[in-house]
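Dear colleague,

The structure we spoke about is below, with the sequence. My notes on what was found in it follow.

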Amino acid sequence: MAMPRLHPRTIEAVKERADIVDVVGEHVVLKKKGREFVGICPFHDDSKPSMTVSPAKQFYYCFSCGAGGNSIKFLMEFQRQSFSDVVLDLARRYQLPVETVDGPQQERLKQQLSRRDKLHRALTLAAGWFRSQLRTSEGADALRYLRETRGLNEATLEQFELGYAPDQWDGLLKHLQQVEGLAPELLEAAGLVVPRKGGNGFYDRFRHRVMVPIRDRQGRVIGFGGRSLDGSEPKYLNSPETEVFEKGKHLFGLDRASSAIRKDDRAVVVEGYFDVIALHAAGVTNAVASLGTALSGQQITQLCRCSDGKRIVLNFDADGAGVRAANRAIGEVEQLALQGQLELRVLHLPSGKDPDEFLKDHGAADYRALLDQAPLWLDWQIEQVLEGRDLTKADQFQRSVSALVELLGKLPQSAIRTHYIQQVAERLSGGQGRLALQLEEDLRQQVQGQRWHGRSARHEKAGEASQRERCEAEILRLYLHCPSYRGAIRQELRRRELEDFALQHHRLLWSEITDLEEGNLGSMRLESISRGEDRGDTLADLDLPRLLTDQLLLESSDLVQRLTPLLEPGELQRVALARPMEQLRGTAAMLERQKSHKRCRHLLEAWTGQRLETLERCIAVLIDQEKDQKSTEVIDMEQRIQGMFEDLNAEALRFQELYYSERRHIQHLDQQRCAGYALEEQPPSGSDAAEQPAPSVNG
């Protein structure tokens, strides 16, 4: 039976994900040589390394026999497989959805491919027209702005093909319609024109703006960024998302920066187009910019493929918006950085300048020196917590400690966590050695007391592990076989902080599911679903059991056997799926309840480990104080004693309060597990509880 034709989206996705060094390196021993790799060619008798593999070009070539091509071509020749078989194998390996076309679909597909070609052509022609307008009398102000205000020379203007959109309603529209013969509907699809409200025609999207072409990694124009020249808002107007332009998939300047990133083994991510242009003009050519969004998983993957050491430096503005952007970007890669899968640093330039401003007053050498000194992301976040706070004031000191405990709580139990706890304790102590030791111990206890500590096995009782395994399996089975409820399940897991499954094979399965869904919807869309901003109806479109079985069989047959009860539930298990939301809430409440019990044991241990000061001790201290002060004012001794007791025993009382709050939270969870529990009657839980809040031990 002939295999259906693969959809070009699948082929393109495979080409994007299948790194040439990884693919060839599985079959040939490769050695680094400059920017490239060399190895012994497997396609002819060879004793010397005559094959070159170029990561920048994603291409291999043998100088002896002439064999060459991309990752797919290599596997076709090496494994003697057909094109379709190789693409399917790679799609399964990288957990990419496989789409096929057959019969009538093929004709529609040809039309779609032809349409994409037309869109690229329209955008290329628009870029050329914008460039020509920059050299007209009408574009004189724009050219002066680029040369004098931005300080760009002719070489840079040509390198980035900068242009100008005239202050006309239909200048571009007329040119592309009358001279090039392009239909207005096509120009609308390319994001170049906008339909009039009355429906009688179109007008140019970009007017009286400096135009910056945005290109994909292959160098094709996919959109534009337009900078206002007269102060009109928005200051920067970008192309809308189109069939060829998805902001979360591209980085401005990557087509020009990839080789430099590989050479320097470091990528610099900045905020704006002109920051990238200014850095490249100054010789710092490993700079790129995100397109108005936080770094997405796909953007990070592209950068990591260009850097062997997977080193990324975020250089955003030092104002509030820049700090928030940096924190959002850190949130995207935090787990990878914690696991050591990439090195993330943050650079804030002196005096709050952006790279463009900094380079006007300093040279590229000064900028590179600051890059080399850029702190790791966690060091930067610690500085952000302490910046501008007066630690001699009790309230500011307490807020700083709470924020730092939350930050350090992300670190796994390791020498790194110990290092940072010591470092933070020294900062908080102001150089007082004895105080630093006390703060270090206090910080360690508070970090261990964070809510996520409930995942630890230290406070686990007999039977809880098997109960947790059953509950996690039930949630995963619901997710796989009740597709219309997947959005609700993701939201429930996020709300209850249950996304990190405790058992390894469950974590692996959830990771595979997430990768498949991100490949289909994108990481930003999936995150919106988890936060409850999107219902997630499209999650039901994926046949997860089939896709996962194919993928896992390819990777680990042992894991498939272990997960078979989840992928192929029996008759009794299917009966349990009849009421998904009730099953989900009851099972999730059971898991959260188990974590709460472990936190209670931890808090009880921490509470009983505190040294309590007695009331007699408090009275004695107060009597001594009265002798020293020799005051004649009438003092409410009972109130003073109570206040001193609370001050001296603040830590123990805090653990006591958290313990009882956690117990009240368990009562709420027990209510949720009752048969009569309804969604609209759901009591607050976790940190969302208002009347009886569950504890969040953060100091």
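**Sheet and strand pairs**

Strand β8 pairs with strand β11 (residues 209–215) in the antiparallel sense, over three bridges. Within this pair, Gly163 lies opposite Met211 of β11. Please keep in mind that this is a predicted model.

Both strands belong to an open sheet of four strands, ordered β8-β11-β12-β13, with antiparallel pairing. Its edges are β8 (163–165) and β13 (236–238), each of which pairs on one side only. From one strand to the next, the twist averages 35 degrees. Helix α11 (residues 273–281) packs on this sheet and touches β11, β12 (221–228) and β13. The direction of α11 makes about 75 degrees with that of β11.

Elsewhere, strand β16 (residues 311–315) and β17 run parallel and are joined by four bridges. Val313 has Arg345 in β17 as its bridge partner. The side chains of β17 (residues 343–346) alternate along the strand. Leu344 and Val346 point to one face and are buried, whereas Glu343 and Arg345 point to the other face and are not buried. The bridge partner of Val313 is thus named among the residues of β17 that are not buried.

**Helix pairs**

Two helix contacts were looked at.

Helix α1 (residues 8–17) packs with helix α4 (residues 83–93) at an angle of about 65 degrees, and their axes are 10 Å apart. The crossing of α1 and α4 is left-handed. On the α1 side, the contact involves Thr10, Ile11 and Val14; on the α4 side, it involves Phe83, Val87, Leu90 and Ala91. By class, this contact has six nonpolar residues, one polar residue and no charged residues.

The other pair is helix α21 (residues 486–495) and helix α22 (residues 504–521), whose axes come within 14 Å and cross at roughly 125 degrees. That angle makes α21 oblique to α22. The crossing of α21 and α22 is left-handed. Arg486, Arg490 and Leu493 in α21 meet Trp510, Ile513, Thr514 and Glu517 in α22. The residues of this contact divide into three nonpolar, one polar and three charged. Set against the contact of α1 with α4, which has no charged residues, the contact of α21 with α22 has three.

**Leu516**

Which helix holds Leu516? Leu516 is found in α22. Its relative accessible area is 4%, and Leu516 is therefore buried. Leaving aside residues up to four places away in sequence, Leu516 touches Gln95, Leu96, Pro97, Leu542, Leu544, Leu547 and Leu548. One of these, Gln95, is 421 residues from Leu516 along the chain, yet their C-alpha atoms are separated by 5.7 Å.

**The chain as a whole**

The protein chain has 30 helices and 17 strands. Of its 699 residues, 46% are buried. Among contacts between residues at least 6 apart in sequence, 67% join residues at least 24 apart. The contact of Leu516 with Gln95 joins residues 421 apart along the chain.

Kind regards

Definitions and conventions. Residues are numbered from 1 along each chain as its sequence is written. This is a predicted model: local features need pLDDT of at least 70, side-chain atom pairs count only at pLDDT 80 or more; totals for chains, interfaces and linings use all residues. Side-chain values use heavy atoms; hydrogens and water are left out. Axes are lines fitted to C-alpha atoms, for helices over the stretch in contact, and angles run from 0 to 180 degrees between N-to-C directions. Angles under 35 degrees count as roughly parallel, over 145 as roughly antiparallel, 65 to 115 as roughly perpendicular and the rest as oblique. A crossing is left-handed if the near helix is turned anticlockwise from the far one by less than a right angle, and right-handed if clockwise. Contact means heavy atoms within 4.5 Å. Ala, Val, Leu, Ile, Met, Phe, Trp, Tyr, Cys and Pro count as nonpolar, Asp, Glu, Lys and Arg as charged, and the others, Gly among them, as polar. Two strands pair if DSSP finds at least two bridges between them. Buried means under 20% relative accessible area, exposed over 50%, partly exposed in between (1.4 Å probe, protein chains only).
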